[in-house]
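Please open the model in a viewer and keep a selection tool at hand. The tour below proceeds from charged pairs to nonpolar cores.

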Amino acid sequence: MGTKRSTNEEIDVNSDAVDEVVCLSDDGNPTTPMQADGSETTAAVETRGTPKKGMTFDSMEALEKFYSCYGKACGFGVIRVGAKKDGNTNVKRWQYWHCECGPGMSSNQVVKEGDPKGAEVQPCKRRRKSKKCGCEAGIAGYLNKDGLWEIHKVELTHKNHVPTPSKSRFIPSYRDVPKFVLRVAKDLMDAGVKQSQIYHALANQMNGFENLPFLLKDMHNVVGKERSKEFDETDCRAMFEYFAKMKEANEDFFFSWRVDEANKLMDVVWVDARSRVAYMDFCDVVCFDATYITNHYELPFANFVGVNHHGQTILLGCALVRNEDTETYKWVMREWLECMGGVQPGGIITDQSVPMAKAIEQVLPDSKHRLCVWHILSKVPRKLLAVKKVGEVHKKMKDVVYDSLSIEEFECRWIELIRSFNLEGNEWLNSLWEERSRWVPAYVKDTFWAG
């Protein structure tokens, strides 16, 4: 039993919680950050001064760290926008960094002044698109003849936005949940304190939310991941005892699991004997859904669901997973497929999960993959919140999607819808257009989808 704590109990902030103090000079540029005890932090060494042409660094990583720390102190994010390699040696010679809300230059648009001959343009891969405001702040660095990385070009002026140090806490790459917060949050949650109350208590200890280097959702995510790693032995034992009892009652009951290096449970898959029999008759269409989550350990719950000859949904398999990445989904699908005798479903329906799509492509290559129309259209009010007449857009979009009988009709009506509401620049709608063959009924009607 955990020890009860009062909600108003003062949280002990130890030395791990000491926050960095960012100091600004008279001209607004960051100077050396100091800890509360007056000593320099690691970031202080990296953010001493502002970027200047001619500054040299031992490596590209050191240069990137310097500029990232400068961006954090000023209040803007930093991304790579392009690189260039020597065409003969394939060694990276040039790298470009930009304010994350900049125009997103491709490697063909970057400044070519002083580029080495024979340099080959290598576009930089981005994890996700970010909102752009046309900011031109950034730097360019190159590998000089002495083997050092030298800053070649600097643009410090920000356009269309004003970064301030307090805004760093809203930039994902700078947000971090310290270990002491994780320990405190877990202890208080075990005592029945809500995460929102813990977050407010931490903010009071740090003299304001602006001094916390993370948001509430960051703490929620980190605590959830840690909880999933520490799957309680009692619950684990009870679950496997249940599986063993089911296996003893019917040898066709299937379950499989795997653990990490620390022998902690990672993922588990189980399928009832009745589900295995039903799948042999109703393997035409399967829906794989991982949008559920358990309460205490916050482990995502995934399930395989089919439809029988009465139009009723039938459960075809379940899984608890620690991570929602491609590798995890591949393992789940491989185990489930082995349980079902290697028979791939005719079609599989999922939400817009990139890791899930990659796993299906590799494990179930013979299955036709379709995105759930309901999931996509349910996102419209949230994704287009800033759009005027979003209710009208939502209604007309449903009409266009469901009532278009041919591909040509859908494309004409969609283009007309986008133009009539001036939504040509909406990135989310553009991404839906690019994936239209995987979710619009007019494109997938040649395949049986069980309604």
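Is Arg438 buried, partly exposed or exposed? In this predicted model, Arg438 has a relative accessible area of 24% and is partly exposed. Add Glu435 to the selection: the side chains of Glu435 and Arg438 form a salt bridge, at 3.4 Å from N to O. Glu435 is likewise partly exposed, at 27%.

**Along helix 13**

Next, select helix 13, which covers residues 407–420, and display Glu409 and Arg413. These two residues lie four positions apart in the helix, so about one helical turn separates them. Their side chains are joined by a salt bridge with an N to O distance of 3.7 Å. Glu409 is partly exposed, with 29% relative accessibility, and Arg413 is also partly exposed, with 26%.

**A buried pair and its network**

Now select Arg258 and Asp267. The closest N and O atoms of this salt bridge are 2.7 Å apart. Buried residues are those under 20% relative accessible area; Arg258, at 16%, therefore counts as buried, and Asp267, at 0%, is buried as well. Extend the selection to Glu327, and a network of salt bridges linking Arg258, Asp267 and Glu327 comes into view. In total, the structure contains eight salt bridges.

**The largest nonpolar core**

Leave the charged residues and select Phe288, Phe304, Leu316, Val332 and Met333. Within the largest nonpolar core, which has 30 residues, these five touch the most other members. To see where the core is drawn from, colour the elements that contribute two or more residues to it: strand 8 (265–271), helix 7 (273–281), strand 9 (285–293), strand 10 (300–307), strand 11 (313–320), helix 8 (326–339) and helix 9 (354–363). Helix 8 supplies the largest share, with seven residues.

Which residues surround Phe288 once those up to four places away in sequence are set aside? Its contacts are Ala302, Asn303, Phe304, Tyr329, Val332, Met333, Ile348, Ile349, Thr350 and Met356. Among them, Phe304, Val332 and Met333 also belong to the group that touches the most other core members.

**The second core**

Finally, select Val373, Leu377, Phe410 and Trp439. These residues are among the 29 that make up a second core, separate from the one just visited. With Phe410 displayed, return to helix 13, where the salt bridge between Glu409 and Arg413 can be viewed again.

Note on methods: Residues numbered from 1 in each chain as written. Predicted model: local features only at pLDDT ≥ 70, side-chain atom pairs only at ≥ 80, totals over all residues. Heavy atoms only, no water. Salt bridge = Lys/Arg side-chain N within 4 Å of Asp/Glu carboxyl O. Buried < 20%, exposed > 50% of the residue type's maximum accessible area, 1.4 Å probe, protein only. Core = buried A, V, L, I, M, F, W, Y, C linked by side-chain atoms within 4.5 Å. Contact = heavy atoms within 4.5 Å.
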